[in-house]
Amino acid sequence: MKVDVTGNDRSRIYVAAGSITMTERPLLPTDDIPAAELDVVRDAWVALGPHDDSVLTAEDAARKLNGDGLGLAVIAGPVGYGKRTAGIRALWDASRSEIVTTGKALSLKEIRPDWGTPDAPDSEVVVPDTELLPDEAGTAYLLDVAAEISAWRNPARVAQALLTHAGKLRQVGSRLVVIADEHSWPEGVNGALSNVVVRAKVRPSAHRVARAHLEYIHRHPDRLRWLNTATISGHQVGEAAHLLTDDSSPADATRLAVALSAVDEEVPGSLATALDAFQQWRTDVDTVFKSTRENPDDRALLIATVFLSGADALTIQEAARSLLDEPQETKVRTILTGPDLTTRFQDVKAQVEGRTVTLDHRPGYARAVLLHLWQQRADIHRPLLNWVDKITRPKQPGATRLTGVGDLLVHLAIAENDIRVIEQIHAWTGNGDNSTEHRELIARVLTTAAEADALGASVRAKLLTWAQDESEAVASVVALVCGSRFADHYPAMALVRLRHVLDRANADLAVHAAQQALCGIALREQHLPRVWSTVSKWAVDKQHLAGHRAFLTLLDPREDPTVLQILLAAAERDAEIKEAIVSGWSAALVDPRVHGECEQILVAWAHARAGGQVPYELITDILDQIVVRHLSSTPIAALVFGEPGVAYDEPVIALRKDLRRASQLPDAAFGDDVLEP
């Protein structure tokens with residue numbers, strides 16, 4: 001029987017069935033190099049440094065890719081030297097050379113370093129498994145390991161394996177560029193490892209990068225006047241030219257070009273606002289902190305406004321007193337002394353409209369204040385985080401502003417590479433608010449942090465620890481993160497963390513969240529082969545509760561039969577997959593901890609079979625093998641013999657009859673077709 005899925009809006013996923021195997025290990029995920037970055041290397045390339053010296057990083061890397069060697073270039077150097085862009089430019093150059101040679105362009109892709117090991121969930125990356133690297137023909141790959149290479153054990157072994165892999169890629173017309181940090185690539189071990197290194201020694205001129213982006217990416221050549229570096233009486237002509245120096249990074253220049261492109265010249269002051277925002281309001285922040293040097297009350301008022309922007313003035317004033325840990329003033333003379341509250345808000349650059357106080361009129365100002373405070377007042381770190389925890393508890397003024405507060409903190413954590421801030425966000429999971437919205441908000445913030453370039457590795461390690469936390473709320477948040485876009489970038493790591501959550505003793509909300517996350521990942525067509533390969537290995541361990549739960553989750557057709565349909569379609573073509581399904585059932589059926597789930601899913605299979613959602617004969621054949629092996633197990637006995645006091649509907653009765661015939665068991669072995677309750 002062939003199942004008709006043309007009416008299923010997810011039927012496109014069926015193409016994945018052909019990729020589901022039992023023998024191949026899923027390779028690391030890849031993404032196409034973003035079109036915006038290709039536009040930069042094609043249309044806005046800058047090959048000169050601040051002093052008109054040549055930037056040869058991309059050219060040298062392209063030479064190694066196109067030469068007679070391995071087709072590998074390792075770009076090493078400090079942060080802020082444009083290594084990634086140089087790597088993409090080198091790959092683009094290699095693709096152009098390939099067109100000349102073969103008439104075909106290379107496909108440009110970025111490899112996600114998702115080195116997680118789902119089969120060994122208690123260990124993180126020790127030595128990255130280079131056998132998981134993709135190896136498609138005619139592809140130019142970018143692998144950025146700058147943020148993690150310093151933590152590798154035995155980097156020489158990994159580096160040598162990368163050379164070996166690059167040689168294999170070259171044989172199929174592919175190339176590889178690796179982005180490393182300044183010192184961790186083991187080039188001193190041997191000449192082979194040294195020969196592939198390209199040093200980023202000169203950073204591209206920030207002024208030239210900004211001009212190129214403004215003219216060729218954002219299409220505003222008329223605004224190049226704002227970047228004019230010519231001087232009159234010692235001052236640069238361009239209003240924005242002074243914002244970039246010889247030490248500015250290409251990223252700074254790119255950000256400035258974006259800011260200038262967004263200026264609305266018909267709005268008075270729009271350019272000045274854009275420049276202030278680019279500088280992160282440095283002048284205003286410095287002025288405010290200098291003017292309040294002897295006034296901690298107003299500084300506390302500013303900090304409270306940063307976190308509670310949009311609240312009423314008195315609420316913010318009360319929160320400021322809470323930060324200072326001082327009682328409300330009771331002496332009338334003191335109360336009547338000094339400026340009015342509105343004036344105090346205005347003095348710290350806040351806007352007061354009626355009784356509402358906001359910083360929204362200065363985009364980025366709140367972040368700038370917080371960053372200045374964090375950098376200049378190290379002793380405030382712990383008291384500030386404790387205060388944030390206090391004001392964000394249920395029924396406190398920050399409880400309804402967690403989205404804004406979370407964004408502030410995660411950007412602070414990323415900017416300062418400070419895991420303590422993320423730990424504070426994690427602590428919100430146990431603050432008494434158990435709503436789904438609350439957990440989803442925290443998960444969104446943690447997902448952003450987990451994908452950050454420098455901070456991300458630390459956050460991903462924390463997620464592994466939190467996945468094993470006894471708290472239902474904490475484990476639920478981890479499951480939500482794993483089911484988010486995090487799984488698209490780091491699918492193996494997501495599965496590792498979900499395995500821990502699924503291994504909880506009780507099937508609580510956290511387990512349910514993990515099951516939903518697993519299904520969500522499996523329904524993304526690029527991930528189903530990886531999910532099945534992983535879960536089918538977990539499932540055969542008879543003591544592996546997480547494996548049994550994961551297996552049953554994938555085979556449960558009640559909410560969405562798509563994954564089961566795909567697996568069965570693959571099983572019809574591949575006996576090994578069919579046997580894996582039978583083996584998974586066999587392991588689950590001897591685990592009494594999941595007998596309830598087994599009974600429910602067996603009944604669901606009967607209904608799916610009757611409704612034509614799954615192959616009729618295949619389902620019957622699989623269940624027949626299970627019946628023969630596990631007739632005495634509680635779930636199978638319930639299906640075959642029935643249970644006293646339980647009424648069975650027609651789909652279950654029909655399945656029971658078919659199993660009776662297929663198994664050749666005597667009729668007396670089966671209970672009545674219907675047992676009335």
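Modeller: Let's start with a term we will need: a salt bridge is a side-chain nitrogen of Lys or Arg within 4 Å of a carboxyl oxygen of Asp or Glu. Please keep in mind that this is a predicted model.

Biologist: Thanks! With that rule, which residue forms a salt bridge with lysine 462?

Modeller: The closest N and O atoms of the pair are 2.8 Å apart, and the cut-off is 4 Å, so the pair qualifies. Lysine 462 belongs to helix α19 (residues 456-466). Its partner sits in helix α17 (residues 419-427), so the bridge ties together parts that are 39 residues apart in sequence. That partner is glutamate 423.

Biologist: Are lysine 462 and glutamate 423 buried or exposed, or in between?

Modeller: Lysine 462 has a relative accessibility of 26%, and glutamate 423 has 28%. Buried would need a value under 20%, and exposed one over 50%. Lysine 462 therefore falls in between, and for glutamate 423 the class is likewise partly exposed.

Biologist: How many salt bridges are there by this rule?

Modeller: One of them joins arginine 504 to aspartate 508, with N and O atoms 3.0 Å apart at the closest. Salt bridges with shared partners also link Glu37, Arg84 and Glu110 into one network. By the rule, the count comes to 27.

Biologist: Where does arginine 504 lie, buried or exposed?

Modeller: Buried means under 20% relative accessible area. Its partner aspartate 508 meets that limit at 19%. Arginine 504 has 13%, so its class is buried.

Biologist: About how many helical turns separate aspartate 60 and arginine 63?

Modeller: Their side chains meet in a salt bridge, at 2.9 Å from N to O. Aspartate 60 is partly exposed, with a relative accessible area of 26%. The two residues are three apart in helix α2 (residues 57-66), so the separation is about one helical turn.

Biologist: I always check cysteines before choosing a buffer. How many disulfides does a search of the whole structure find?

Modeller: A disulfide is a covalent bond between the sulfur atoms of two cysteines. Take cysteine 482, which is buried at 0% relative accessibility. The closest cysteine sulfur to that of cysteine 519, which is partly exposed at 23%, is in cysteine 482, 14 Å away and too far for a bond. For the whole structure, the search finds zero.

Biologist: How are helices α26 and α27 oriented to each other?

Modeller: The axes of α26 (residues 562-573) and α27 (residues 575-589) come within 5 Å. They cross at roughly 125 degrees. That angle lies outside the 65 to 115 range for roughly perpendicular and is not over 145, as roughly antiparallel would require. The two helices are therefore oblique.

Biologist: And how many charged residues are in the contact of α26 with α27?

Modeller: From α26 come Leu567, Leu568, Ala570, Ala571 and Arg573, which meet Ala575, Ile577, Lys578 and Ile581 of α27. By class, seven residues are nonpolar and none is polar. The number of charged residues is two.

Biologist: One last thing: which residues is alanine 513 in contact with, leaving aside neighbours within four places in sequence?

Modeller: Alanine 513 is placed in helix α23 (residues 509-522) and is buried, with a relative accessible area of 13%. Leucine 385 is 29 Å from alanine 513, C-alpha to C-alpha, whereas contact means heavy atoms within 4.5 Å. Beyond its sequence neighbours, alanine 513 touches Ser476 and Ala479.

How values were computed
Residues are numbered from 1 along each chain as its sequence is written. This is a predicted model: local features need pLDDT of at least 70, side-chain atom pairs count only at pLDDT 80 or more; totals for chains, interfaces and linings use all residues. Side-chain values use heavy atoms; hydrogens and water are left out. Axes are lines fitted to C-alpha atoms, for helices over the stretch in contact, and angles run from 0 to 180 degrees between N-to-C directions. Helices (H or I, at least four residues) and strands (E, at least two) are DSSP runs, numbered from the N terminus. Angles under 35 degrees count as roughly parallel, over 145 as roughly antiparallel, 65 to 115 as roughly perpendicular and the rest as oblique. Ala, Val, Leu, Ile, Met, Phe, Trp, Tyr, Cys and Pro count as nonpolar, Asp, Glu, Lys and Arg as charged, and the others, Gly among them, as polar. Buried means under 20% relative accessible area, exposed over 50%, partly exposed in between (1.4 Å probe, protein chains only). A disulfide is a pair of cysteine sulfur atoms within 2.5 Å.
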